[in-house]
Amino acid sequence: MRQPTRGFTLLEVMIALSIMGVVLAVGIPGMGKMVFANKAAAAAQFYSEGFALARNQALNQNATSRLVLSKNAANGQFDWQVDICFPRSDDPCNEASANWSTTGVPASGDPKGATNGFRSLLRRADALPPSAQLTLTTTPTDARAVYFKPLGWVDPAMAARLERIDLTPAGKQAAAAPASAVVLTMAGNGIRCKPQAAANDPQRCPP
């Protein structure tokens with residue numbers, strides 16, 4: 001004879017809901033911290049890739065290149081753009097030069113011509129956490145560009161040369177992830193590091 005199917009009592013349902021509430025209360029904040037930590041790490045990678053791309057273009061194009069930061073209107077972070085310029089005797093490709101590439105037009109003197117020449121690469125910071133959650137500061141504080149020589153080295157002659165970008169969680173996310181930074185060496189390499197790491201930690205940022 002078939003036994004009747006037993007349902008859940010009101011007490012059992014209430015206990016199950018209480019357990020689910022506790023699990024969600026504990027798990028959701030932890031998951032939120034993990035998601036933000038991943039976004040903060042991706043932000044450091046975003047700027048590290050910008051430095052690397054600018055250096056690689058100088059080497060690949062045998063030209064002067066630069067990485068330029070500009071404010072992202074949506075979240076207050078920095079977009080970056082990589083331009084190149086081909087030095088001439090009358091144009092050393094400095095801040096005042098008018099021969100830099102743009103996103104629409106190759107640099108003047110590009111050996112690949114106006115059709116196939118390199119056009120500047122713009123990467124927007126739309127996906128990064130907003131500045132209220134992740135504070136970005138540059139060293140020097142007013143630096144917004146860095147220039148690379150054709151051999152990939154940083155050009156130290158340029159004024160207000162960008163040397164470092166610090167990324168510090170702020171507001172409600174202040175404890176969700178550790179601070180990080182991207183430091184640019186004179187050889188042109190952008191190195192990700194941890195400003196608050198212990199003195200003997202190999203990932204600690206240089207002084």
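This is a stop-by-stop tour of the structure, with a selection to make at each stop. The model is predicted.

**Stop 1: the whole chain**

Show everything as a cartoon and colour by secondary structure. You should find 2 helices and 8 strands. Reading along the sequence, the pattern is α-β-β-α-β-β-β-β-β-β. Switch on a surface. The protein exposes about 12000 Å², and carbon and sulfur atoms supply 60% of that area. Now count what is hidden: of the 207 residues, 38% are buried. Contacts also reach along the chain. Among those between residues at least 6 apart in sequence, 54% join residues at least 24 apart.

**Stop 2: the sheet with β1**

Select β1 (64-71), β2 (78-85) and β5 (145-148), then add β3 (121-123). Which order do these strands take? They form an open sheet in the order β3-β2-β1-β5, with antiparallel pairing. β3 and β5 stand at the edges with a single partner strand each, so one side of each has no neighbour in the sheet. On average, neighbouring strands here are turned by 15 degrees against each other, direction ignored.

Strands of a sheet pair through backbone hydrogen bonds, either parallel or antiparallel. Look at β1 and β5, which run antiparallel and are joined by 4 bridges. Two facing pairs are worth labelling. S65 stands opposite F148 in β5. R66 stands opposite Y147 in β5.

Show the β5 side chains next. A145 and Y147 point one way from the strand, V146 and F148 point the other way, and all are buried.

**Stop 3: S65**

Centre on S65, in strand β1. Is this serine buried or exposed? S65 has a relative accessible area of 0%; buried means under 20%, so S65 counts as buried. Its side chain reaches the backbone oxygen of A54 at 2.6 Å. Draw that distance in your viewer. Then show the surroundings. Leaving aside neighbours within four places in sequence, S65 is in contact with A54, R55, A58, D83, I84, W100, V146, Y147 and F148.

**Stop 4: the sheet with β4**

Hide the first sheet. Select β4 (134-139) and β8 (190-193), β6 (164-169) and β7 (residues 180-184). These 4 strands form an open sheet in the order β4-β6-β7-β8, and the pairing is antiparallel. β4 and β8 are the edge strands, each with a single partner, so one side of each is left without a neighbour in the sheet. Neighbouring strands of this sheet are turned by 15 degrees against each other on average, direction ignored.

Start at β4. It pairs with β6 in the antiparallel sense over 6 bridges. T135 stands opposite T168 in β6. Turn on the β4 side chains and look along the strand. Which residues share a face? L134, L136 and T138 point to one face and are buried. T135, T137 and T139 point to the other face and are not buried.

Move across to the other edge. β7 and β8 pair in the antiparallel sense over 4 bridges. Label V182, which stands opposite R192 in β8.

**Stop 5: the nonpolar cores**

Bring everything back. Select Y47, F51, V146, I165 and L167. These have the most contacts inside the largest nonpolar core, which has 34 residues. Which elements give two or more residues to this core? They are α1 (10-61), β1, β2, β4, β5, β6 and β7. The element that gives the most is α1, with 9 residues.

Zoom in on F51. Leaving aside neighbours within four places in sequence, F51 is in contact with L67, V146, F148, L162, I165, V182, L184, G188 and G190. A second, separate core has 6 residues, including C85, W100, A145 and M158. Colour the two cores separately before moving on.

**Stop 6: Q173**

Finish in the loop between β6 and β7, where Q173 is found. What does Q173 touch beyond its sequence neighbours within four places? Q173 is in contact with F36 and Q133. Add a distance between the C-alpha atoms of Q173 and Q133. They are 40 residues apart along the chain, yet 5.8 Å separates those atoms.

Methods: Residues are numbered from 1 along each chain as its sequence is written. This is a predicted model: local features need pLDDT of at least 70, side-chain atom pairs count only at pLDDT 80 or more; totals for chains, interfaces and linings use all residues. Side-chain values use heavy atoms; hydrogens and water are left out. Two strands pair if DSSP finds at least two bridges between them. Axes are lines fitted to C-alpha atoms, for helices over the stretch in contact, and angles run from 0 to 180 degrees between N-to-C directions. A nonpolar core is a set of buried Ala, Val, Leu, Ile, Met, Phe, Trp, Tyr and Cys residues joined through side-chain atoms within 4.5 Å. Buried means under 20% relative accessible area, exposed over 50%, partly exposed in between (1.4 Å probe, protein chains only). Contact means heavy atoms within 4.5 Å. A polar contact is a pair of N or O atoms within 3.5 Å; within protein, one must be able to donate a hydrogen and the other to accept it, and residues adjacent in sequence count only if both atoms are side-chain atoms. Accessible areas come from the Shrake-Rupley method with a 1.4 Å probe; for residues, only the protein chains shown count as cover.
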